[in-house]
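Here is a short tour of one protein model, meant to be read with the viewer open. Turn the structure as you go and follow the stops along the chain.

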Amino acid sequence: MQPSRDISRLIEIMAALRNPNGGCPWDLEQDFASISNYTIEEAYEVADAIERKDFSDLREELGDLLLQPVYHAQMASEQGLFDIGDVVYAITEKLIRRHPHVFGDDAARNAGGAKAKWDEVKADERARKAAKKQAATSLLDDVPQVLPALARAEKLSRRAASVQFDWPDWHDTLAKVREELDEVTSAAETNDKAKVQEELGDLLFAAANLARKLGIEPEAALRDANAKFTRRFRYVEARAAADGVALADAGLERLDGYWNEIRARDRSGGV
């Protein structure tokens with residue numbers, strides 16, 4: 001078996017790995033549930049490579065991600081459910097159906113118009129799926145449960161906003177954030193952990209909604225904040241080490257002084 005640029009070789013390799021006669025013992029033990037976390041993890045690693053602008057890593061991570069649908073499709077094929085050809089057919093059919101302005105007669109002269117066409121077709125698809133299941137349809141039905149909570153909050157509020165269930169502008173949304181913060185404060189003073197968790201959840205949801213109103217992806221904003229905190233904390237560690245002070249013994253005042261140094265440097269544009 002030799003590597004190839006042809007995706008059919010990847011499909012052949014996956015089939016060989018899952019072959020009960022001479023395949024890989026680990027791969028043979030897997031099922032849809034056991035590899036689902038890998039599927040999610042690979043998507044995050046693609047996003048990480050993009051953020052780092054490491055295109056060599058991106059090529060590799062895209063390959064790891066590409067393996068996931070091939071893996072799932074191989075297991076489905078073994079159970080007579082569907083195969084990779086069905087997967088490819090489904091997505092090509094969907095792309096054609098959702099782009100009537102490209103592959104049909106409908107016109108869309110800009111990105112906004114194209115997005116409106118996409119949303120219109122998706123809304124129709126949700127209604128047809130609900131009818132098929134003989135169940136009530138909801139705008140929120142196809143917002144995946146497995147999304148990171150902050151990203152899902154943004155998507156839920158965006159979906160609700162599509163039918164005008166939304167604050168008029170970001171000022172009103174900011175007022176809601178402040179209201180939720182006050183409720184967190186009140187709950188914290190009661191020492192009722194369940195209530196604090198509920199109010200903190202409301203606060204985070206309101207913050208995600210505010211990010212949407214301001215045109216910011218909350219998940220991306222939090223990733224940036226995490227990266228900034230990590231970089232600044234490493235500076236604090238380095239400064240403590242340079243001063244010969246153990247972090248645990250440095251004390252908050254000294255550590256806060258180091259932190260303010262890197263904050264000031266950031267604000268002045270230094271590195």
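Let us begin in helix H5, where Arg97 and Glu93 both sit, 4 residues apart, about one turn of the helix. Helices here are DSSP runs of H or I with at least four residues, strands are E runs of at least two, and both are numbered from the N terminus. An α-helix has 3.6 residues a turn, so residues three or four places apart point the same way. Arg97 and Glu93 form a salt bridge, with their closest N and O atoms 2.3 Å apart. The term stands for a side-chain nitrogen of Lys or Arg within 4 Å of a carboxyl oxygen of Asp or Glu.

Before going further, please keep in mind that this is a predicted model, in which local features need pLDDT of at least 70, side-chain atom pairs count only at pLDDT 80 or more, and totals for chains, interfaces and linings use all residues. Residues are numbered from 1 along each chain as its sequence is written, and side-chain values use heavy atoms, with hydrogens and water left out.

**Salt bridges**

How many salt bridges are there by this rule? The count comes to 19. Three of the pairs are set out below.

| Pair | Closest N and O atoms |
|---|---|
| Arg97 and Glu93 | 2.3 Å |
| Lys176 and Glu179 | 3.2 Å |
| Asp266 and Arg232 | 2.7 Å |

The pair of Asp266 and Arg232 links distant parts of the chain: Asp266 belongs to helix H13 (residues 252–268) and Arg232 to helix H11 (residues 218–242), 34 residues apart. Arg232 is buried, with a relative accessible area of 11%. Buried means under 20% relative accessible area, exposed over 50%, and partly exposed in between (1.4 Å probe, protein chains only).

Back in H5, Arg97 is partly exposed at a relative accessible area of 27%, and Glu93 is partly exposed as well, at 33%. Lys176 and Glu179 are 3 residues apart in helix H9 (residues 170–188), so about one helical turn separates them. Lys176 counts as partly exposed at 23% relative accessibility, and Glu179 is partly exposed at 38%.

Salt bridges also link Asp48, Arg52, Asp54 and Asp57 in a network.

**An enclosed helix**

Is helix H8 largely enclosed or open to the surroundings? Of its 13 residues, 10 are buried, so H8 is largely enclosed by the rest of the structure. Among the buried residues are Leu150, Arg152, Glu154, Leu156 and Arg159. H8 (residues 149–161) reaches 18 Å from its first C-alpha to its last, close to the 18 Å expected at 1.5 Å a residue; the expected span is 1.5 Å times one less than the number of residues.

Ala160 lies in H8 and counts as buried at 18% relative accessibility. From Ala160 to Leu139 the distance is 7.2 Å, C-alpha to C-alpha, with their positions 21 residues apart in sequence.

**The largest pocket**

Now turn to the largest pocket, which holds about 680 Å³ of space. Its lining includes Ile40, Tyr44, Lys94, Arg98, Lys122 and Pro148. Helix H3 (32–52) and helix H5 (84–98) are the elements that give two or more residues to this lining. A pocket is found on a 1 Å grid over the protein atoms alone, as an open set of points where a 1.4 Å probe fits, with protein on both sides within 12 Å along at least five of seven lines; lining residues have an atom within 4 Å of a point. Grid points are joined across faces, edges and corners, and the volume is the space filled by probe spheres set on the points.

**Two loop residues with positive phi**

Most residues other than glycine have a negative phi. Lys53, in the loop between H3 and helix H4 (55–78), has a phi near 55 degrees, a positive value. Gln164, in the loop between H8 and H9, has a positive phi near 70 degrees. Lys53 is exposed, with a relative accessible area of 62%, and Gln164 is exposed at 68%.

**Near the start of the chain**

Met1 lies in the segment before helix H1 (7–17) and is exposed, with a relative accessible area of 64%.
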